[in-house]
Amino acid sequence: MSVLRVKSVEQSISDTEAPEHRLRKDLSALDLTVFGIGVVIGTGIFVLTGRVAREMAGPAVALSFVVAGVVCALAALCYAEFASTVPVAGSAYTFAFATLGEFPAWIIGWDLMLEMMLGAAVVAVGWSGYLTSLLASLGITLPGAIAGEGAAFNLPAALIVLILTAILVIGIKLSSRFNLVIVTIKLAVILLVVVAGLFFVKGGNYSPFVPAAKPTPAVEGLSAPLIQVLFGITPVAFGVLGIFSAAAIVFFAYIGFDVVATAAEETRDPQRDLPIGILASLGICTVLYVAVSLVVVGMQPYGRLSEAAPLADAFKAVGQTWAASLISIGALAGLTTVVMILMMGMSRVMFAMCRDNLLPRGLARVHPRFRTPYIITITMGVVVAVLAGLVPLSTIAELVNIGTLFAFVVVSIAVVILRRTRPDLPRSFHTPLVPLVPVLSVLACLYLMLNLPVETWLRFVAWMLLGILIYFGYGYRHSRLSERSR
């Protein structure tokens, strides 16, 4: 079938050398690792910890982070092989095009656009909330009409998106240096939380570590995990099922290591540096997440944790307001890099799709001086700024999770297919125990997807149907592979 036509790995790599589409290669393994840490450590550690501990897992939220980290590790091993074998912008989109065909690749590209666009907007709204809180502590009150989720237009959220768009247009190296500074601040704050918080941990707050399962309004109706609805289980929170339901939500905290793969064309030695960047950033972030979650639930009973700013409020509860202010600054820094790198990843995925004519090719032009895809970056920056300014998106963070898990499933399958169809390709990194690791990755991702709410699945299906209409209305007829077959 023509919708399953495959774009060869050689053709994908050849496209990166076209003068009008050539990106500047400035990134090292350290840059990629810092990018990964910059985008992974953000909303999850500063916001989600309190919500899932209160509503789903209790002190066992640390186990939820471990479960999500293991699922990501399985997928990361598959990503590392693909990124080192096919060092082309587009991440899972490019990998799918080389193995499964054009239509599956389009679906994945459309899915990644949703993940990164909504993810950037959600985090920008969170950034605005932290800024508003920090300014209020300094005696500066922003009008409710221009700040906060209930604002008519969330001005701080829109402004931070536009500022970061400008930085991304100017160049990848400037972006990486800016990211390094911000990540350093963020890591210092997180280490402060862990070290200082240990002095206020009370053993009694860990008991019971896994609270008994109980029905709760938070997981009723369309908010119930799909797996509980499918098998007729009375929707519950806490208990063992609560740990896995929480893992499906805190998975949002890990989103980003796959964005490292989208910078393949801007990496000096992608075969060596991409696997290092992907695996190192994921490993560092998992350790930090588990450490912080254990400290926070030890400082305060899980039922009293704040949902908006759990880290800062935990220190306020023990009278350490100075630490709360520092944490707010660290959260601002952390969320800034998340927004920037999600936008970078989104622009690179669109860049690859436009270069293949599945979206208008004119959008893929590279700036003659900065060597960045400036038209796409500016266009998507404006879209994300409008979304962040007008729409309170915190309630659909789960939609980002399901999109990412779906991409992980496809990449894991694609590794096995490419091993069989192109065993001759040079691979500087090999996923161990193929096909066992990819199969475990697929099963783990599908299980977490089933633990997401029913309403998330309905929204995801609606977005996919819209993508299918666009593909057959535009992409299929304009594809470069269609042009070659005429």
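**Group meeting: a walk through an all-helix chain**

Hi everyone, let me start inside the fold: 9 of the 12 residues of H10 are buried, so this helix is largely enclosed by the rest of the structure. Buried here means under 20% relative accessible area, exposed is over 50%, and partly exposed lies in between, with a 1.4 Å probe and protein chains only. Helices are DSSP runs of H or I with at least four residues, strands are runs of E with at least two, and both are numbered from the N terminus.

A quick word on where this comes from: the model is predicted, so local features need pLDDT of at least 70 and side-chain atom pairs pLDDT 80 or more, while totals for chains, interfaces and linings use all residues. Residues are numbered from 1 along each chain as its sequence is written, and side-chain values use heavy atoms, leaving out hydrogens and water.

Back to H10. Among its buried residues are Gly239, Ile243 and Val250. The expected span of a helix is 1.5 Å times one less than its number of residues. For H10 that gives 16 Å, and the end C-alpha atoms are 16 Å apart, which agrees.

Following H10, in the loop that leads to helix H11 (270-299), sits Glu266. Is Glu266 buried or exposed? At 1% relative accessibility, Glu266 counts as buried. Its C-alpha is 15 Å from that of Met346, with the two positions 80 residues apart in sequence.

Now let's step back to the whole chain. We have 18 helices and 0 strands. The radius of gyration, taken over C-alpha atoms, is 22 Å; the globule rule gives 23 Å for 486 residues, so the chain is as compact as a globular protein of that length. That rule is 2.2 Å times the number of residues to the power 0.38. Buried residues make up 61% of the chain.

On to the outside. Ile146, Phe153 and Leu155 are among the residues making a nonpolar surface patch of about 850 Å². Helices H7 (155-170) and H14 (374-390) each give two or more residues to this patch. Ile146 itself lies in the loop between H6 (102-137) and H7, and at 31% relative accessibility Ile146 counts as partly exposed.

Last stop, helix H16 (residues 436-450). Its 15 residues should span 21 Å, and the end C-alpha atoms are indeed 21 Å apart. Which residues of H16 are buried? They are Val437, Pro438, Ser441, Val442, Ala444, Cys445, Leu448 and Met449. Thanks, everyone!

Technical notes:
Patches are made of residues with over 30% relative accessible area and no salt bridge: like charges are joined within 9 Å, nonpolar side chains (Val, Leu, Ile, Met, Phe, Trp, Tyr) within 5 Å. Accessible areas come from the Shrake-Rupley method with a 1.4 Å probe; for residues, only the protein chains shown count as cover. A salt bridge is a side-chain nitrogen of Lys or Arg within 4 Å of a carboxyl oxygen of Asp or Glu.
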